[in-house]
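Please read this briefing alongside the sequence and the coordinates. It is concerned with packing and with empty space.

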Amino acid sequence: MTMRNRADITDTMNKIRSLYIRTERDNSFAGHLDRLLSRDVEGNLLPVAQRFTTTRETRGVMVIDEPGGGKSTLIDHVLRRHPALNAGPDGQQAWLAGSVPSPATFKSMIGHLLEQSGYPPIQGRREAWSLVQLLRARFTVCGIAVLLIDEAHDLFCADRGLILRAIKSLMQGDEAVAIILSGTGKLRDILRSDPQVQRRFTTLLLPPVDAVADRAHITDMIAAYCERADLEPPAEPDLVDRLVHASRYRFGRCIEAVIGAIERALIQGHESLDMGHFAEDWTLKEGSEPHRNIFLAEEWWLIDPDREPEEDRPVVNPRRKRSK
């Protein structure tokens, strides 16, 4: 057992949370993004949106995943490290990102994007469509080639027709930008309702994690986090299967569970990570009884973490002995 003070644990956890694990998903998204950018005569990518038609329209990409999949982290990581989009003077970015504000209206979204571009908060009453024209002008002033709207499915709760019209407008004309929309499957359904918008977007569907196909990668991911925390990785052969199921088959949730379990191990001064730490983290986050804890139950695959059972199934493993 290694006793660590709280300051050391906090420092270690900050380092762990800053660790980014690359996957094939990064390459897939980068491929979609590169397609949206122009190239010079030598084939080098430029911080300029590619025009795809004689009317000089740009294109976009939808990134679709359910909550907890890690799509926001993935997109942010690729954008921040894209050489063509971050090569301006003094590190100027050629991309602009905004998340859907609350309340999610057409006017609030455009106002939020203007503020993200460095424009002062809008004072007084302004006609909504005039704000779109102002945003287009800001793209030119700031050298913006790519616009990201994160969690965009929430944007279409109101003003759907106006928002779809604005998206088309932002992809036309001299100030046009390429657009990235991230969201759940609901977003894809919404864009399908407008063929003119849908045809402008490719779709990157981030699939659920598979415990069999992705086992090696998940095992390597756990080992990488354990190395950063100076812990021995877990040895239980069914840990990955339980982790994937408990995480609703979402990659981002898998990472959150690993980080949470590592924190439990560090607080308790243990030198290795094991199933018990995952069980404790599950209890903290889910508040489930032991027989509903996927990291303790014998027939864990029968547990639906998002639905209460009709009958309790009191099948619990004995407490695992920890490595000291």
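The points below take up the nonpolar cores, one helix, the cavity and the pocket in turn.

This is a predicted model, in which local features need pLDDT of at least 70 and side-chain atom pairs count only at pLDDT 80 or more, whereas totals for chains, interfaces and linings use all residues. Residues are numbered from 1 along each chain as its sequence is written, and side-chain values use heavy atoms, with hydrogens and water left out.

**Nonpolar cores**

- The largest nonpolar core (a set of buried Ala, Val, Leu, Ile, Met, Phe, Trp, Tyr and Cys residues joined through side-chain atoms within 4.5 Å; buried means under 20% relative accessible area with a 1.4 Å probe, protein chains only) has 40 residues, and those with the most contacts inside it are M221, I222, Y225, L243, I262 and F295.
- Two or more residues of this core come from each of helix 1 (6-17), helix 9 (215-229), helix 10 (239-246), helix 11 and helix 12 (275-286), where helices (H or I, at least four residues) and strands (E, at least two) are DSSP runs numbered from the N terminus; helix 11 gives the largest share, ten residues.
- Not counting residues up to four places away in sequence, I222 touches P234, L239, L243, V258 and L273, contact being heavy atoms within 4.5 Å.
- A second, separate core has 38 residues, among them V100, F106, L114 and A128.

**Helix 5**

- Helix 5 (residues 128-142) has 15 residues and reaches 21 Å from its first C-alpha to its last, close to the 21 Å expected, the expected span being 1.5 Å times one less than the number of residues.
- Its buried residues include A128, W129, L131 and F139, and their cover includes strand 4 (95-99), helix 4 (106-116), strand 5 (146-150) and helix 6 (160-170).

**Cavity**

- A search of the whole structure finds one cavity of 30 Å³ or more, a cavity being a set of points on a 1 Å grid over the protein atoms alone where a 1.4 Å probe fits but cannot get out.
- The largest cavity has a volume of about 90 Å³, and its lining (residues with an atom within 4 Å of a point) includes F106, M109, L147 and I163; helix 4, strand 5 and helix 6 each give two or more residues to that lining.

**Pocket**

- The largest pocket (an open set with protein on both sides within 12 Å along at least five of seven lines) has a volume of about 440 Å³.
- Its lining has 26 residues, of which Y20, G70, T73, L74 and I255 lie nearest the centre, and helix 3 supplies the largest share, seven residues.

Terms used:
Grid points are joined across faces, edges and corners, and a volume is the space filled by probe spheres set on the points. Buried means under 20% relative accessible area, exposed over 50%, partly exposed in between (1.4 Å probe, protein chains only).
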